[in-house]
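Please go through the model below with attention to how its strands pair and how its helices pack. The text takes the strands of one chain before the helices of the other.

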Amino acid sequence: MKLSSALHNKDWLKPVFGVTIIFILCILFSPESSKGSIIFLKFDNLTNVLRQVSEIGIISIGMTFVIIAGGIDLSVGSVLALSATLTAFGIMDWQLGFTFTIILALFSGASTGFINGAVTAFGKMQSFIATLAMMTAARGFALFISDNNSRNIGFGENAAPDSFRIFTDSFAGIPLPVFIFVAVTIAFNILLQKTRFGRYVFAIGSNENASKLAGLKVNRIRIYTFVVAGLLSALAGIIHTAQLLQGNPNDGVGFELDAIAAVVIGGTSLMGGKGSISGTFAGVLIIGLLSNILGLHGIQKDFQLMLKGVIIIAAVFIQGNSMNYEWKKLFTKRS
Amino acid sequence: MKINSILKSISFFLAVFLILSCGDKEEVKKYVIGFSQCNSAEPWREAMNKEMMKEAENYPEIELLISDGNQDNSKQVADIENFLVREIDLLIVSPNEAQPLTAIVEKVYNQGIAVIVLDRKILSEKYTTFIGADNVIIGEAAGKYAAELLNGKGKIIEIWGLKGSTPAQERHDGFIKGLAGNPGIEIIYEQDGAWLRRKGREIMENALQRFSNIDLVYAHNDPMAMGAYLAAQNAGRENEIYFLGIDALPGAEGGVQAVVNNQLEATFLYPTGGSLAIKTAVKILNNQETEKNITLETETIDSSNAEKYL
């Protein structure tokens, strides 16, 4: 009973609880190596999982801000592609060096985010439409810059500076992208939970009109949420380029859907006003662990896709108070 | 209520994982081979998977794992990382793109695991064996066949695979090489069909409008050749034109069937190398010597021998 009341009071505990369950099940059903050890628990495998989810994870953190404020951002995958392309060209063709290339890539993310937000807020347009337009436009721009080709990154003379290798380095056996993901999670958790800005994001998400009447600068706050999403997508784009040593304008297709799934599994409501970064972190891990264990078992794509669909519905259903409520209402009415 | 729903959720996930573990009860095989396919959605690559699975059944001591990279470099890198933690004995990889896959393939090779690279190369010499077909030779075979068919005189339409892609360029270069020494033959129209049947049809429709006299269509793959055939059929001109394709996939939708149906004059086999890859893998696992580069032979398939390849 104590567990249940704890789960009831603290929304963020539920997704954490979910990750724990999945983690235990992964251990139980892990394939065994020839020596009888549990493959899933190998250090290499666990760091693989974290590294593989770090890009989607960072994007999902930004997406959480937008969704809590009552919006949606479909452009994240294209912004990642744009940032990845700019990174590769900045460092290889334009010889901007490490720092300026990264500033340029992040700036591209922040500006696309700003445009998304401004069109939504001042253009009185639904964010679904505004970011759908950005999704195609940003991809088009990435293709334009790159002349429809991917750009490979090489090292040595007239190529990428060695400092760029830092993104592929490991510290204490853990790759840098994992540290970046964790740092972003902690920093933006503080921003959302402990600052005035964070509280405003919740406020405009749960009731925009009331927030307006209370004197909040609703438009400005909304724009900031999109800037956060754009900025983090661009950061993910830089990591993406460094991981593959290639900036590809065609990458990141469908990332928006993965990010939205992770956010929703983490207990954030698509209606806005409710959600948490820790929940999203857990949602990202749930998806990552599932694809890992399915991959280790060599489960084919058809079954993986069907299972993922089921998992998304089940995860949201299990932790959704509101949904329970709807069901109860439905049944009491009938009886 | 709450406890109840938690129990429900636990039992649900348990059920899911039980289903998962069902297929996993086979006896432990001696060798595990991981095959990282870049994209199973293409018919030619699906044929490669099937060929490999069929060949693997001949060797009870090996277990074959196949992963699908969904045409996504990151996904394919993750697939290979999964193979590494599964402690595979040999990796077969058909890379989506060379550069992004090079580092991980090198990592596998450096751990002392043998690597067979299939169809597309990587930017490194750190692999055990490369198996692939030579598109220039295939294009050349098509060119020679066309020259013979036309008796050294005629007008040709060429429908390209995706321009800028290596196989398309090589199938073109080979074709020109095969036509050499026949000044009476000219290519009057060439367009990028991006490997797609739909595009092949559109290009041929335009060509039929523009040219009253077409003798032969050379398409860089069978689906585009079939698209072109359909366009000619609609215009009632399919009997005055020869159609040549490449790939020669088996199955109802494949190019071999189209040759049997007298739609395509001929198609040129672009072998997937699936079964040879497994045979080579077994050789390597048994410590036998293999060549570093193996080039697969092409085969001309026309009405004389098509039945055999169905």
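In this predicted model, strand 9 and strand 10 of chain B are paired in the parallel sense, with 4 bridges between them. Within that pairing, B:Gly245 stands opposite B:Thr267 of strand 10 of chain B. The connection between the two strands includes a helix: strand 9 of chain B, helix 9 (residues 255–260) of chain B and strand 10 of chain B make up a right-handed β-α-β unit.

Strand 10 (residues 266–269) of chain B is also joined to strand 12 of chain B, by 3 bridges, and these two run antiparallel. B:Thr267, already met opposite B:Gly245, stands opposite B:Ile301 in strand 12 of chain B. B:Ala266 has B:Asp302 of strand 12 of chain B as its bridge partner.

These strands belong to an open sheet of 6 strands in chain B, ordered 7-6-8-9-10-12, and its pairing is mixed. Strand 7 (185–192) and strand 12 (300–302) of chain B are at the edges; each has a single partner strand, so one side of each has no neighbour in the sheet. On average, neighbouring strands of this sheet are turned by 20° against each other, direction ignored. Helix 7 (residues 197–210) of chain B lies across strand 6 (154–160), strand 7, strand 8 (216–219) and strand 9 (242–247) of chain B. Relative to strand 7 of chain B, helix 7 of chain B runs at about 135°.

Chain B has another open sheet, in which 6 strands follow the order 2-1-3-4-5-11 and the pairing is parallel. Its edge strands are strand 2 (62–68) and strand 11 (293–296) of chain B, each of which pairs on one side only. Here the average turn between neighbouring strands is 15°, direction ignored. Strand 2 of chain B pairs with strand 1 (residues 31–37) of chain B in the parallel sense over 7 bridges. One position in this pairing is B:Ser36, whose bridge partner in strand 2 of chain B is B:Ser67.

The remaining topic is helix packing in chain A. The axes of helix 4 (residues 76–92) of chain A and helix 5 (residues 97–122) of chain A come within 9 Å and cross at roughly 155°. With that angle, helix 4 of chain A is roughly antiparallel to helix 5 of chain A. Their crossing is right-handed. Residues of helix 4 of chain A in the contact include A:Val79, A:Leu82, A:Leu86 and A:Ile91, while helix 5 of chain A contributes, among others, A:Thr101, A:Leu104, A:Ser108 and A:Thr112. By class, this contact has 6 nonpolar, 7 polar and no charged residues.

Helix 11 (residues 255–265) of chain A and helix 12 (residues 277–296) of chain A have axes that come within 7 Å and cross at roughly 120°. The two helices are therefore oblique to each other. The crossing of helix 11 and helix 12 of chain A is right-handed. On the side of helix 11 of chain A, the contact involves A:Asp258, A:Ala261, A:Ala262, A:Val263 and A:Ile265; these meet A:Thr280, A:Gly283, A:Val284, A:Ile286 and A:Ile287 in helix 12 of chain A. The contact of helix 11 with helix 12 of chain A has 7 nonpolar, 2 polar and 1 charged residues.

Notes:
Residues numbered from 1 in each chain as written. Chains lettered and ligands numbered in written order. Predicted model: local features only at pLDDT ≥ 70, side-chain atom pairs only at ≥ 80, totals over all residues. Heavy atoms only, no water. Axes fitted to C-alpha atoms, helices over the stretch in contact; angles between N-to-C directions. Parallel < 35°, antiparallel > 145°, perpendicular 65-115°, else oblique. Left-handed = near helix turned anticlockwise from the far one by under 90°. Contact = heavy atoms within 4.5 Å. Nonpolar A, V, L, I, M, F, W, Y, C, P; charged D, E, K, R; others polar. Pairing = 2+ DSSP bridges. Right-handed = clockwise from strand over helix to strand, strands pointing away.
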